[in-house]
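Hi everyone, thanks for coming. Today I'd like to walk you through one protein, step by step, with the picture on the screen.

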Amino acid sequence: MKKNFLLLVAGCMAFSSAVLAQKSETGFSDANTVVVDGKALKRSFKPENPTENKSSTVDVTGAGVSSFTASNTSDGSPDSYKHKLQITVALTTTSKTNTFQLVFYSENTSMPYAVQETAGMITIYYPISVYSDIREKLEQSLAAKKKVQIKVQQQTNGYKEGTIVF
């Protein structure tokens with residue numbers, strides 16, 4: 001009887017250890033793990049998601065200062081030869097609570113967000129390959145007094161979207 005009881009206890013302990021290990025592998029118990037396609041992966045960054053879904057639309061009334069930035073990390077490695085280009089365009093909008101800017105990033109740059117909100121600044125990220133098209137359409141629309149809008153969506157599940165409507 002004691003032998004059967006010990007086997008039962010040992011079996012329960014093995015089962016609970018397996019369940020805990022599986023729980024950790026699927027990311028349920030570890031906040032730094034995310035499950036992608038059934039695989040447990042470590043998070044690359046801490047996501048910043050709103051506590052409630054947000055959606056807003058504002059009119060763009062002008063384009064402000066533009067800055068062009070080139071950067072690299074010169075550490076003697078082969079990556080020292082890789083430079084990044086970033087173009088930032090400030091926007092004048094009808095918003096009383098937020099300022100807006102567009103950031104165009106160079107090829108092979110990984111951006112964690114399409115839209116990021118930090119201290120009242122909303123930044124929408126686009127690849128640099130569309131800079132000329134967006135800048136041209138923006139200038140033409142504003143010169144012709146056509147309506148230009150920015151629509152921003154941010155959801156609690158991490159979905160973020162920034163849209164320019166000409």
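Let me start with one word we'll need: a residue is called buried when its relative accessible area is under 20%, and exposed when that value is over 50%. Take Phe-104 as a trial case: with a relative accessible area of 1%, Phe-104 is buried. Please also keep in mind that what you see is a predicted model.

Now the overall layout. The protein has 2 helices and 9 strands. If you follow the chain from its start, the elements come as α-β-β-β-β-β-β-β-α-β-β. Of the 166 residues, 26% are buried. The exposed surface adds up to about 11,800 Å², and 55% of that comes from carbon and sulfur atoms. As for contacts between residues at least 6 apart in sequence, 48% of them join residues that are at least 24 apart.

Next, the sheet. In what order do the 7 strands of the open sheet lie? The order is 6-7-5-4-3-8-9, with mixed pairing. At the edges we find strand 6, residues 115-118, and strand 9, residues 160-165, and each of these pairs on one side only. On average, neighbouring strands here are turned by 35 degrees against each other, if we ignore direction. A quick reminder from the textbook: strands of a sheet pair through backbone hydrogen bonds, either parallel or antiparallel.

Strand 7 is a nice place to see both kinds of pairing. With strand 6, strand 7 (residues 121-127) pairs in the antiparallel sense over 4 bridges. Two residue pairs you can look for are Glu-117 with Ile-122 and Gln-116 with Thr-123. With strand 5, strand 7 pairs in the parallel sense, over 7 bridges. There, Leu-102 has Ile-124 as its bridge partner. And why can we call strand 7 largely enclosed by the rest of the structure? Because 5 of its 7 residues are buried.

Let's add a helix to the picture. Helix 2, residues 131-143, lies across strand 3, strand 4, strand 5, strand 7 and strand 9. Helix 2 runs at about 125 degrees to strand 3.

That brings us to the inside. In general, nonpolar side chains tend to be buried together in soluble globular proteins. Here, the largest nonpolar core has 20 residues, and Leu-91, Leu-102, Phe-104 and Ile-150 have the most contacts inside it. Strand 3, strand 4, strand 5, strand 7, strand 8 and helix 2 each supply at least two residues of this core. Which element gives the most to this core? Helix 2 does, with 4 residues. If you zoom in on Leu-91 and skip its neighbours within four places in sequence, its contacts include Val-60, Phe-100, Leu-102, Leu-138 and Ile-150.

Now for the rings. The structure holds 3 aromatic pairs. One of them is Phe-68 with Tyr-131, an edge-to-face pair with 6.1 Å from centre to centre and 85 degrees between the planes. Since Phe-68 lies in strand 3 and Tyr-131 in helix 2, this pair ties together parts that are 63 residues apart in sequence. Is each partner buried or exposed? Phe-68 is exposed, at 54% relative accessible area, whereas Tyr-131 is buried, at 14%.

Another pair brings back our trial case. Phe-104 and Tyr-126 have ring centres 5.9 Å apart and planes at 25 degrees, so this pair is stacked. Phe-104 sits in strand 5 and Tyr-126 in strand 7, 22 residues apart along the chain. Tyr-126 is buried too, with a relative accessible area of 15%. Ring pairs link Phe-68, Phe-104, Tyr-126 and Tyr-131 into a cluster.

Finally, two spots in the loops. Most residues other than glycine have a negative phi. Ala-119, which is not a glycine, has a positive phi of about 50 degrees. You can find Ala-119 in the loop between strand 6 and strand 7, a hairpin with 2 residues between the strands. Ala-119 is exposed, at 83% relative accessible area. Lys-145 also has a positive phi, of about 60 degrees. Lys-145 lies in the loop between helix 2 and strand 8, and at 75% relative accessibility Lys-145 counts as exposed.

That's the tour; thanks for listening!

Note on methods. Residues are numbered from 1 along each chain as its sequence is written. This is a predicted model: local features need pLDDT of at least 70, side-chain atom pairs count only at pLDDT 80 or more; totals for chains, interfaces and linings use all residues. Side-chain values use heavy atoms; hydrogens and water are left out. Buried means under 20% relative accessible area, exposed over 50%, partly exposed in between (1.4 Å probe, protein chains only). Contact means heavy atoms within 4.5 Å. Accessible areas come from the Shrake-Rupley method with a 1.4 Å probe; for residues, only the protein chains shown count as cover. Two strands pair if DSSP finds at least two bridges between them. Axes are lines fitted to C-alpha atoms, for helices over the stretch in contact, and angles run from 0 to 180 degrees between N-to-C directions. A nonpolar core is a set of buried Ala, Val, Leu, Ile, Met, Phe, Trp, Tyr and Cys residues joined through side-chain atoms within 4.5 Å. Rings of Phe, Tyr and Trp (its six-membered ring) pair if their centres lie within 6.5 Å; planes under 30 degrees apart count as stacked, over 60 as edge-to-face and the rest as tilted.
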